[in-house]
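Biologist: Please show me the model, and let us ask of each term why it is used.

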Amino acid sequence: MKRSIVLVLLFLVAIPAFCTVWYSPKAEVGIGAEFYHSSVAPEQIPFRTSFFVETDVIPVNFDSGRIGFGAGISFSFTTRSLAYGHSIIKPYLAFGPVLGFDLHFSRVFTLGFKTRLMFSYMGPAYLDKFASVEVGIVPSFVVVLKNRFNLRILVPLTEVLRKDGFCLRAGVGVGINL
Amino acid sequence: MKKIALVLSVILTACLLLVSCELVTEKPSKGTLYVVAIGDNFVNQPGFNPITSCENDADALCQVFDYLGKKAGMETVIYNCSAGRFEAFEAALEEVRSRATDNDLTVIFVSTHGSNTIKETVSYSTETDAKALFYLEKTDESVMGVYDAGLKNYCSYIKGKILILADFCFSGSLVAQDYFTYNSANYSGASALSLLFDGTPATGSNKVFALSASTYYEYSWASNPLSTYTKYLLKGLGLENYDPFTKQITMSSGIPVLHGGRIILSDLYKYIYARSTNSSIEGSHTQTPQMNTGANDLILFSF
């Protein structure tokens with residue numbers, strides 16, 4: 001695990017030495033719906049729906065124009081689920097590191113890939129802890145481009161892997177590159 | 001821009017289709033509320049100090065849940081087993097087991113003495129109160145002994161959701177993961193719960209939920225006829241007063257833990273926790289109530 005992290009960091013640092021890249025910190029905010037399926041507690045319906053807001057702050061981001069790599073911090077809050085019968089799913093707060101990889105297909109369209117390792121605290125007292133791994137793809141479309149600054153619309157699709165089940169997330173968001 | 005609009009439309013449509021799990025699936029009926037409650041004051045029983053509040057606790061709880069259940073449009077079936085003791089408790093669970101359906105909610109409430117050591121002098125059949133909740137067994141003519149096989153059996157077969165409310169010493173060890181490390185039997189509460197039900201300490205359950213006091217406290221009747229934990233439990237549900245002489249409850253005009261037309265278990269837990277851990281209110285009688293872990297929460301009443 002440590003070796004992998006070191007290799008990724010070395011790779012990120014080495015990129016500028018081999019190609020023309022620029023440093024381009026970015027931030028993204030998204031909202032959407034989360035669909036939780038429990039593998040340990042059978043439900044009357046297959047998915048429980050909650051809503052989330054998430055933010056990625058990626059201060060370390062290098063971009064060559066065709067590909068980009070970044071690392072940063074992610075935060076999210078997921079609401080209580082919609083009610084069904086006597087059952088409802090608790091809300092939770094999560095934070096953790098995020099690694100991103102971008103493929104630029106054109107000046108407008110980019111396909112991003114993200115991996116997060118999240119540490120979550122579940123309501124009501126936000127004392128119950130659990131960890132999760134999130135993998136996602138983030139298609140994005142540039143709507144404002146001015147020099148290196150751009151404003152993008154994102155459509156993040158994420159799978160959250162948890163000990164007690166998994167979640168699918170879909171939503172929309174905006175991102176800026178500086 | 002057309003592409004953007006197309007992609008967004010597809011995503012949002014997919015979201016709506018998935019959201020429809022709750023919205024499109026036929027709403028389940030409100031179901032029946034079963035309450036099986038027992039309070040034991042341990043009067044005239046060797047080895048224990050008699051206490052005054054337990055039977056009041058069970059009586060007040062039955063009345064409050066009956067009131068709220070009817071107000072929420074549920075059919076209510078209440079079994080107050082304090083007078084009939086173990087036989088009545090077992091018979092009530094047996095009846096609930098034969099009647100409850102998937103949409104029903106069963107509340108099991110126990111208020112009594114608790115101990116974490118073997119009470120040989122009074123023939124307790126177990127070493128910890130972590131097991132006390134699970135089964136009340138008559139070990140001699142007067143004393144209720146406890147062990148874990150019985151209630152597990154009932155909870156496995158009772159359909160629908162089950163809520164266990166426990167108010168006795170060491171009852172917190174039923175629920176908390178690292179609670180009472182000094183428990184003489186080294187009996188982890190979370191293990192107790194997970195052994196019994198369908199979840200694990202880490203993942204919880206969506207069938208059986210538990211709220212529990214950590215330690216039992218009571219006041220004299222003059223100041224309050226209810227045990228500390230039960231008092232806050234019921235006040236959170238809107239109880240204004242319980243008269244121990246007439247056995248009548250008075251409900252307040254508002255329910256403190258009612259949010260968005262629902263009473264949710266974790267909101268009730270927060271309410272109890274905030275008050276029973278506050279030494280400025282409770283003095284030396286503070287306690288740390290516990291709630292089971294896991295992602296699932298329980299809607300007690302929906303108005």
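**Contacts and chains**

Modeller: In chain A, 56% of the contacts with a separation of 6 or more join residues 24 or more positions apart; contact means heavy atoms within 4.5 Å. For chain B the corresponding share is 68%. This is a predicted model, in which local features need pLDDT of at least 70 and side-chain atom pairs pLDDT 80 or more, while totals for chains, interfaces and linings use all residues. Residues are numbered from 1 along each chain as its sequence is written, chains are lettered from A and ligands numbered from 1 in the order written, and side-chain values use heavy atoms, without hydrogens and water.

Biologist: What makes up chain A, by helices and strands?

Modeller: Chain A has one helix and eleven strands, and along the sequence the helix precedes the strands, in the pattern α-β-β-β-β-β-β-β-β-β-β-β. Chain B has eight helices and 13 strands. Both kinds of element are DSSP runs numbered from the N terminus: helices are H or I over at least four residues, strands E over at least two.

Biologist: Why is A:S50 called buried?

Modeller: Buried means under 20% relative accessible area, exposed means over 50%, and partly exposed lies in between, using a 1.4 Å probe and protein chains only. The relative accessibility of A:S50 is 3%, so this residue counts as buried. By the same definition, 48% of the 178 residues in chain A are buried, as are 57% of the 303 residues of chain B.

Biologist: What makes the link between A:S50 and A:T79 a polar contact?

Modeller: A polar contact is a pair of N or O atoms within 3.5 Å; within protein, one must be able to donate a hydrogen and the other to accept it, and residues adjacent in sequence count only if both atoms are side-chain atoms. A polar side-chain atom of A:S50 lies 3.3 Å from the backbone oxygen of A:T79, which is within that limit. A:S50 is in strand β3 (residues 48-63) of chain A, and its contacts beyond four places in sequence include A:G32, A:E34 and A:R80.

Biologist: How do you know that A:S87 is buried?

Modeller: The relative accessible area of A:S87 is 3%, and therefore A:S87 is buried. A:S87 belongs to strand β5 (residues 87-89) of chain A, and its side chain forms a polar contact of 3.1 Å with that of A:R48. Beyond four places in sequence, A:S87 also touches residues of chain B, namely B:K161, B:D297 and B:I299.

**Two helices of chain B**

Biologist: Why are α2(B) and α6(B) called roughly parallel?

Modeller: Axes are lines fitted to C-alpha atoms, for helices over the stretch in contact, and angles run from 0 to 180 degrees between N-to-C directions. Under 35 degrees is roughly parallel, over 145 roughly antiparallel, 65 to 115 roughly perpendicular, and the rest oblique. Helix α2 (residues 54-71) and helix α6 (residues 228-236) of chain B pack at about 10°, with axes 10 Å apart, and are therefore roughly parallel. The contact is made by B:D57, B:A60, B:L61 and B:V64 of α2(B) with B:T230, B:L233 and B:L234 of α6(B).

Biologist: What makes α6(B) mostly covered?

Modeller: Eight of the nine residues of α6(B) are buried, among them B:Y229, B:L233 and B:G236. Just after α6(B), B:G238 has a positive phi of about 105°.
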